[in-house]
Amino acid sequence: MSAPMRIAIAGAGLIGRRHVELIDASPDCVLAGIADPSSTTKEYVQAHGVSWYADHRALLEQEKPDGLIIASPNALHFQMALDCAQAGVPAMIEKPVTDTVAVAQRLCAAIKRTGVPMLVGHHRRHNPIIKAAREAVATGKLGQLTAVVGLWLLKKPDDYFDVAWRREQGGGPLLINLIHDIDNLRFICGEITEVQARTSNRVRGFAVEDTAALLLRFANGALGTVTVSDATPAPWSWELASGENAAYPKQDQPCYILSGTAGSLSVPNMELWSYAQQPGWHAPLSRKAIAPPAFDPLVEQLRHFLEVIAGREQPLISVEDAMGTLAVVEAVSEAARTGQKISPGQIMEQAA
């Protein structure tokens, strides 16, 4: 029987501590150490019986872990992942993969040079609901995809903005929250080739947006709309509708509607609508529930990371793939700024 893998963590914030819990609960890995420059985390780390490091490079050198989970602020992702590549240590990088597409391109080049596997933590791809929605589209249950609706509407509490960076550009729902939904829609529906967008900060007056409206074109010809606001009491968001995180009160509502020539699917409540007989608006609609198995996608993500380290699985979302999601979000910001149609491909070319 093989020994448990030794997994270290860089960043002991909220998501970093969640990864600690997952590692502690897994029979297949153990916590090898935590790196975080804040001395206030030292007591927390030592309470887990592992070594604390102020610098992730010292952790890599001293502990020589089998893998590193990078849960640091976005701007630190690149250097930490680069150091892992140079040390030959596979990494799981929390989303977004880096803070800009240009930086992500540099990381892709480093990975190709070293061959060290890297996984990006868009954990919702591991959710059985998202996998079932992707399967419904891919296998033709909806026919030809025509229209996609995405909603991310909820209200963040006022004290959420006591942290200064959350009131500044880059700290709003586009990069912090919508990037999850963009990745979900790319994974389910295919590549997004063109974006139009408008943003507003009228509610709070901060430098960062509180509301956005997006128009998307997919490579398969489908059109999509996504409406975003973190300033409204509403149940239509993945956080509230999916039940994925117990911290949010679950609502029995959809946040995505996927429509095709043969049927439509609401997600995450997974109701498939179609015609039982001759199609047409006067005919009765049939409603069928799809019931994927239930499990924690973060647990599945950790299992997958261990398999990636062992070379038995390829990353479900690679750095290059995650860069595609980041390019769409940058295209949204650029489209909102200029009022023009922007393609993620343009963003990639400009960053090269």
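Buried, on this tour, means under 20% relative accessible area, exposed means over 50%, and partly exposed is in between (1.4 Å probe, protein chains only). The model is predicted, so local features need pLDDT of at least 70 and side-chain atom pairs count only at pLDDT 80 or more, while totals for chains, interfaces and linings use all residues. Residues are numbered from 1 along each chain as its sequence is written, and side-chain values use heavy atoms, with hydrogens and water left out.

**The whole chain**

Start zoomed out, with a cartoon. You have 11 helices and 14 strands in view; helices (H or I, at least four residues) and strands (E, at least two) are DSSP runs, numbered from the N terminus. The radius of gyration is 21 Å, close to the 20 Å that the globule rule gives for 352 residues, so the chain is as compact as a globular protein of that length. That radius is taken over C-alpha atoms, and the rule is 2.2 Å times the number of residues to the power 0.38. Turn the C-alpha trace along its principal axes and it spans about 70 × 50 × 40 Å.

Buried residues make up 50% of the 352. Switch on contacts (heavy atoms within 4.5 Å): of those with a separation of 6 or more, 65% link residues 24 or more positions apart.

**The nonpolar core**

Next, select Met118 and Leu258. Of the 103 residues in the largest nonpolar core, these two touch the most other members. Such a core is a set of buried Ala, Val, Leu, Ile, Met, Phe, Trp, Tyr and Cys residues joined through side-chain atoms within 4.5 Å. Now colour helix H10 (residues 319-338), which gives the most to this core, with 11 residues.

Stay on leucine 258 and show what surrounds it. Leaving aside neighbours within four places in sequence, its contacts include Ala133, Val137, Leu142, Ile188, Cys189 and Val267.

**Helix H4**

Select residues 77-87. Eight of the 11 residues of H4 are buried, so this helix is largely enclosed by the rest of the structure. Show side chains for His77, Phe78, Met80, Ala81, Leu82, Asp83, Cys84 and Ala85 to see the buried ones. What do they pack against? Strands E1 (5-10), E4 (67-70), E5 (91-94) and E6 (118-121), along with helices H3 (56-63) and H5 (101-114). Step just past the end of H4 and you reach glycine 88, with a positive phi of about 75 degrees.

**Cysteine 29 and arginine 186**

Cysteine 29 sits in strand E2 (residues 29-35). At 3% relative accessibility, cysteine 29 counts as buried. Measure across to arginine 6: the two C-alpha atoms are 5.7 Å apart, with their positions 23 residues apart along the chain. Beyond its sequence neighbours within four places, cysteine 29 is in contact with Pro4, Met5, Ile7, Ile23, Leu302 and Leu306.

Jump to arginine 186, in helix H7 (residues 173-189). Is arginine 186 buried or exposed? At 8% relative accessibility, it counts as buried. With neighbours within four places left out, arginine 186 is in contact with Arg125, Glu191, Ile192, Asp321, Gly324, Thr325 and Val328.

**Isoleucine 317**

Isoleucine 317 is in the loop between helix H9 (297-310) and H10. It is buried, with a relative accessible area of 0%. Its C-alpha atom is 5.7 Å from that of valine 120, although the two are 197 residues apart along the chain. Leaving out neighbours within four places, the contacts of isoleucine 317 include Met118, Val120, Arg125 and Asp183.

**Backbone oddities**

Most residues other than glycine have a negative phi, and most peptide bonds are trans. Here are some exceptions to click on.

- Lysine 95 and proline 96 are joined by a cis peptide bond, with omega about -15 degrees; proline 96 is in the loop between E5 and H5.
- Valine 267 and proline 268 also share a cis peptide bond, with omega about 10 degrees. Proline 268 is in the loop between strand E12 (264-267) and strand E13 (271-275).
- Methionine 270 is in the loop between E12 and E13 and has a positive phi, near 55 degrees. Methionine 270 is buried, with a relative accessible area of 1%.
- Lysine 64, in the loop between H3 and E4, has a positive phi of about 45 degrees although it is not a glycine. At 60% relative accessibility, lysine 64 counts as exposed.
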